[in-house]
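Okay, thanks for coming, everyone. I'll put a structure up and talk you through how it packs.

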Amino acid sequence: MIIRSKAPLRLGLAGGGTDVSPYCDEFGGVVLNATIDMYAYCTIEVCDEEKIVFEAADRNERVEYKATSSLPIDGLLDLHKGVYNRVIRDFNDNQPLSFNMTTYSDAPAGSGLGSSSTMVVVILKAFVEWLNLPLGEYDIAQLAYDIERKDIGLSGGKQDQYAATFGGFNFMEFYEKDRVIVNPLRVKNWIIDELESSMVLFFTGASRESAKIIDEQKKNAETKQEKSIQAMHELKADAYIMKEAVLKGDISKFAETLGKSWEAKKRTAVSISNSHIDKIYSAALEAGAYAGKVSGAGGGGFMMFVVNPVKRLQVIEKLNAYDGGRVMNFHFVTEGTKGWKIL
């Protein structure tokens with residue numbers, strides 16, 4: 001038997017960072033995001049050889065173990081092993097499974113598109129499909145969060161797991177005790193088309209470890225750093241403004257809010273931006289972009305810009321001149337994670 005699954009990556013449009021504890025526990029967080037046609041993929045091939053093989057094809061990493069009920073979290077494909085450990089413990093009576101698993105992603109780790117969390121979701125979805133686990137969308141997203149943040153111990157927020165699971169444009173609310181409300185937005189087709197025509201997605205060529213940046217944000221929230229807390233409040237307020245702009249198709253307000261949020265985001269932690277990012281940002285504005293921001297925690301990965309569609313090509317040409325960077329074409333997608341079996 002072969003089981004396959006896929007899950008979409010996401011663009012964080014507004015409110016990113018307010019989904020991270022302890023800020024969301026004390027003040028409540030809100031995030032506006034949207035999934036795009038870049039994916040994480042997983043294939044499980046069931047075998048009878050009493051062995052477990054994990055292969056991350058895009059990372060050239062492979063580990064193999066004798067079939068067992070618990071695998072070590074030791075820095076080698078921990079996302080894969082973390083999902084396996086939890087599935088065996090919670091849903092398979094601690095009985096080991098035998099299989100070969102192959103995964104890959106359309107974006108590198110540290111891209112700012114939620115690639116790590118999306119990988120956890122897609123692996124979990126493959127097991128849900130294989131074992132017919134009775135898990136709905138909220139269950140999968142919360143379990144993926146628990147595996148990544150609690151079992152493996154990687155710092156981060158909650159939005160990525162829910163975006164990958166639900167798909168589409170979503171306005172998400174985050175509260176204490178891991179309470180999350182996902183509000184799907186009914187965005188008209190012409191607005192989606194206009195957004196796609198007015199946006200440029202650029203990979204800076206530099207990935208980063210989001211956990212380090214998020215740890216700094218968490219520390220600032222825990223120690224009540226006024227500058228950082230106030231910036232988080234602004235990010236939260238901007239998410240409401242941008243939600244209205246998206247629903248109404250107000251691209252001017254969308255661009256204005258994106259730029260304003262980027263300035264607030266940089267005040268939440270010193271490592272959010274750097275000289276390389278600042279140069280790219282300035283170059284894009286000089287070429288005709290209205291505004292932009294880094295997707296995700298910051299520090300590198302993907303940047304998004306809002307442009308006048310008639311000036312889109314000149315912005316793309318300016319950005320592609322940067323060594324190691326490249327503009328990526330994308331479209332918004334409405335479906336979240338999916339799984340299927342090949343008998």
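I'll go from the nonpolar cores to one helix, then to the rings, and finish with a few single residues. One thing before we start: this is a predicted model.

So, cores. The largest nonpolar core has 38 residues. If you want to know who has the most contacts inside it, look at I44, F54, Y84, F99 and F127. Plenty of elements give two or more residues to this core: on the strand side we have β1 (2–14), β2 (29–46), β3 (51–56), β4 (61–66) and β5 (99–105), and on the helix side α2 (78–91), α3 (115–131) and α4 (137–151). Which of them gives the largest share? That's α3, with 10 residues.

As a background remark, in soluble globular proteins nonpolar side chains tend to be buried together.

Let me zoom in on I44. Not counting residues up to four places away in sequence, I44 touches M1, I2 and I3. On top of that, I44 touches F99, N100 and M101, and then A126, F127 and W130. Apart from this core lies another one, of 35 residues, and L113, L185, A245 and I251 are among them.

Next, α3 itself. The helix has 17 residues and reaches 24 Å from its first C-alpha to its last, which is close to the 24 Å expected at 1.5 Å a residue. Is α3 mostly covered or mostly open? Mostly covered: 14 of its 17 residues are buried. Right after α3 comes N132, and the phi of N132 is positive, near 55°.

One residue to pick out in α3 is T118. Its relative accessibility is 1%, so T118 counts as buried, the cut-off being under 20%. What does T118 touch, once residues up to four places away in sequence are left out? The list is A7, P8, L9, A40, L113 and A164.

Moving along the chain, G136 lies in the loop between α3 and α4. G136 has a relative accessible area of 30%, so this glycine is partly exposed. Here's a distance for you: G136 and D151 are 15 residues apart in sequence, and their C-alphas are 21 Å apart in space.

A quick word on annotation. UniProt, in an unreviewed entry, lists residues 80–168 as "domain: GHMP kinase N-terminal". In the model, that span is 58% helix and 8% strand, and its end C-alpha atoms lie 25 Å apart.

Okay, rings. The structure holds 18 aromatic pairs. One of them is Y138 with F166, and it's edge-to-face: 5.0 Å centre to centre, with 75° between the planes. Why does this pair tie together parts that are apart in sequence? Because Y138 lies in helix α4 and F166 in helix α5 (residues 159–166), so the parts being tied are 28 residues apart. How covered are the two partners? Y138 has 35% relative accessibility and therefore counts as partly exposed, whereas F166, at 13%, counts as buried.

There's also a cluster, with ring pairs linking F54, Y84, F99, F127 and W130. You've heard some of those names already: F54, Y84, F99 and F127 are among the residues with the most contacts in the largest core.

For those of you who care about charges over rings, I have two examples. The charged end of K6 sits over the ring of Y39, 4.0 Å from its centre. And K243 lies over the face of F171, at 4.4 Å from the ring centre.

Last stop, further along the chain. Y281 lies in helix α10, and at 12% relative accessibility Y281 counts as buried. Leaving aside neighbours within four places in sequence, Y281 is in contact with G259, W262, A291, G292, K293, M303 and F305. Compare that with S198: Y281 and S198 are 83 residues apart in sequence and 16 Å apart in space, C-alpha to C-alpha.

And then A287, in the loop between α10 (275–286) and β9 (289–294). Is this loop residue buried or exposed? It's buried, with a relative accessible area of 10%. With neighbours within four places set aside, A287 is in contact with Q314, V315 and K318. The C-alpha atoms of A287 and V307 are separated by 9.4 Å, with the two residues 20 apart along the chain.

That's my tour, so over to you for questions.

Definitions and conventions: Residues numbered from 1 in each chain as written. Predicted model: local features only at pLDDT ≥ 70, side-chain atom pairs only at ≥ 80, totals over all residues. Heavy atoms only, no water. Core = buried A, V, L, I, M, F, W, Y, C linked by side-chain atoms within 4.5 Å. Buried < 20%, exposed > 50% of the residue type's maximum accessible area, 1.4 Å probe, protein only. Helix = DSSP H or I, 4+ residues; strand = E, 2+ residues; numbered from the N terminus. Contact = heavy atoms within 4.5 Å. Expected span 1.5 Å × (residues − 1). UniProt positions renumbered as here; feature names shortened; annotations may be inferred. Phe/Tyr/Trp six-rings, centres within 6.5 Å; stacked < 30°, edge-to-face > 60°. Lys NZ or Arg CZ within 6 Å of the ring centre and 35° of its normal.
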